[in-house]
Amino acid sequence: MDEIRDDRRNFLNWLIGGGLVAFLGSVFYPVYRYVIPPPSGEANVSQVKLPFKLKELQEDEKKSRIFKFGRNVGIILITPENELKAFNAVCTHLDCTVQYRKDLSIIWCACHNGRYDLEGRNISGPPPRPLTAYTVHLDNATGDIFVAEAKG
Amino acid sequence: MADKIARENRLFHWVDERLHIQTLVDYMSHKVVPQHSHSFWYYFGGISLFFFVVQVVTGILLLLYYRPGADSAYESVKFIISEVSFGWLIRSIHSWSANLMILAAFIHMFSVFFTHAYRKPREMTWVTGIFLLALALAFGFSGYLLPWNELSFFATRVGTGMAGAIPGVGDFLMKLMRGGEDVTGATIGRFFGLHVAVLPGVFAVLLSLHLFFIQRQGMSEPLEWAANPQFKKYRPFFPNFIMRELLVWLIMLNLLAVLAVFFPDGIGVVHWPLGQKADPFAPPPPVIRPEWYFMFAFQALKVLPAHLLFIEGELAGIIILTAGGIVWTLIPFLAGKFSSGKKPTLIIAFGWAVLAFIAVLTILGYILE
């Protein structure tokens, strides 16, 4: 007799406990999902036309400009050999924005003195990886500069 | 099994040694709730409290994505309901729960009034309750503007414009509320601060007092019991009343879930579609109306003639409504002594008159538009 009672009690405990878990789940699941932000509405791009022309860059004292590349920031510069180079401007150390140091012929991160050469390779300081390089296309007729993600 | 009990006892003793909770447990276990044909009404205060807790939780969740400001408020609400997972549900619950909270608070207030539960020694419970209702209305008014859509923009313009009709301080008050000459992004900032910081703070203090008074004094007993002690009947507060209260809350939660899921934009006159973004230079939409709980005041100001005796109609309306509110708040002090066994007919008649005034003007407000 007692065994049957225990069985019934057990069954009820499971039923009520299960119901409670399901109830709490149905309350907290939406809350959990709500708290997780949705993916950014801004599309990632693979190519941009820079909002300035080659002439402006050449006349720029720093020989370099920062530009918006989709959700990222990029940096474009003119090397002493008169080459156009573009990289993702986010330092691989702690996400600061890098800058071109014409005087040292390096790309430099001011936050923790990270240094990259003009190929984007990390040469000294804390950065663990090279900068991501972009390919640069120049429309010689108009002076428009196009920057694209490097293939491969 | 015995082990479990011993463990629970040890934990209890550990806490009791430090905080002396045994006295609290004794107090709660002796607490009783009167049981009679109108006990039903005791639950409405608890229901209001339940919806308030829902408001706090969903309000905090909305804060994660809401961004005040003329350029971002509408966009962020749109983002919440269209992009964020279950965002539509959180906004829907917040809106439904707001309306149900105010409805439950109104029912609670009138039930306390008609059972004369405000009488000595519960005057302060009544007064804090009225202030809490006023704060709840302020929550509603300030929250209405936050989505920065067409309807909320014009309703807030009208609402704040009313304050401007008060002679002397009106203009100052209106500018204070709007944060300038007109309803702009600056108004959103003010209403937002009010809605999420100032009002919750004041509300928490008053609510604590209100609940403290109730726990200290217990539930009011029916007037008739004083003359007929043989009818007295009680129910233990713990666990009997608490279990019933929890059951009522569970039912309310289900009601809320059903309404929020099936009517995310509201239904009938309780309606909050996001619609178009507010444009101060566009003509107002054909129907501008306040939320249902402001309708009677809105309608009262509308039906008054342009001039009443020597003052402007709008001003006269504001004076009458304010005076009515003050009398209503002071009812416990104006009602006089309650002698046992005698029904306070005058007070009851006054209560019905107020209820009829609110009901008729509210219905008129919807019919005449």
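I count two strands as paired if DSSP finds at least two bridges between them. The model I am reading is predicted.

**Entry 1: β4, β9 and β10 of chain A**

I started with strand β4 of chain A, residues 84–88. Strand β9 of chain A, residues 133–138, runs antiparallel to β4(A), and two bridges join them. I looked for the partner of F87(A) and found A133(A) opposite, in β9(A).

Next I followed β9(A) to strand β10 of chain A, residues 144–149. Five bridges link β9(A) and β10(A), again in the antiparallel sense. Here H137(A) faces F146(A) of β10(A). The two strands form a hairpin with five residues between them. I checked the backbone of G143(A) in this hairpin: phi is positive, near 85 degrees.

**Entry 2: the four-stranded sheet of chain A**

I then traced an open sheet of four strands in chain A, in the order β5-β6-β7-β8. The pairing is antiparallel. Which strands form the edges? They are β5 (99–101) and β8 (122–124) of chain A, and each pairs on one side only. From one strand to the next, the twist averages 40 degrees.

I took a closer look at β5(A). Three bridges join β5(A) to β6 of chain A, residues 106–109, and the two run antiparallel. Q99(A) sits opposite W108(A) of β6(A). As a reminder to myself, side chains in a regular strand alternate between the two faces of the sheet.

**Entry 3: where chain A meets chain B**

I asked how many residues each chain brings to the contact. Chain A gives ten and chain B gives 15. About 1,000 Å² is buried between chain A and chain B, and carbon and sulfur atoms give 75% of that area. On the side of chain A that touches chain B, I find nine nonpolar residues, no polar ones and one charged.

I searched for salt bridges across the interface of chain A and chain B and the rule found zero. Polar contacts do turn up there: five residue pairs, both residues at pLDDT 80 or more.

**Entry 4: backbone oddities in chain B**

Most residues other than glycine have a negative phi, and most peptide bonds are trans. I looked for exceptions in chain B.

The bond from K120(B) to P121(B) is cis, with omega near 10 degrees. P121(B) lies in the loop between α5 (87–114) and α6 (123–145) of chain B. I placed H116(B) in the loop between α5 and α6 of chain B as well. Phi of H116(B) is positive, near 55 degrees.

The bond from F238(B) to P239(B) is also cis, with omega near 5 degrees. Where does P239(B) lie? I found P239(B) in helix α10 of chain B, residues 237–262.

How values were computed. Residues are numbered from 1 along each chain as its sequence is written. Chains are lettered from A and ligands numbered from 1 in the order in which they are written. This is a predicted model: local features need pLDDT of at least 70, side-chain atom pairs count only at pLDDT 80 or more; totals for chains, interfaces and linings use all residues. Side-chain values use heavy atoms; hydrogens and water are left out. Contact means heavy atoms within 4.5 Å. Buried area is the accessible area (1.4 Å probe) that two parts lose on being put together, summed over both. A salt bridge is a side-chain nitrogen of Lys or Arg within 4 Å of a carboxyl oxygen of Asp or Glu. A polar contact is a pair of N or O atoms within 3.5 Å; within protein, one must be able to donate a hydrogen and the other to accept it, and residues adjacent in sequence count only if both atoms are side-chain atoms. Ala, Val, Leu, Ile, Met, Phe, Trp, Tyr, Cys and Pro count as nonpolar, Asp, Glu, Lys and Arg as charged, and the others, Gly among them, as polar. Axes are lines fitted to C-alpha atoms, for helices over the stretch in contact, and angles run from 0 to 180 degrees between N-to-C directions.
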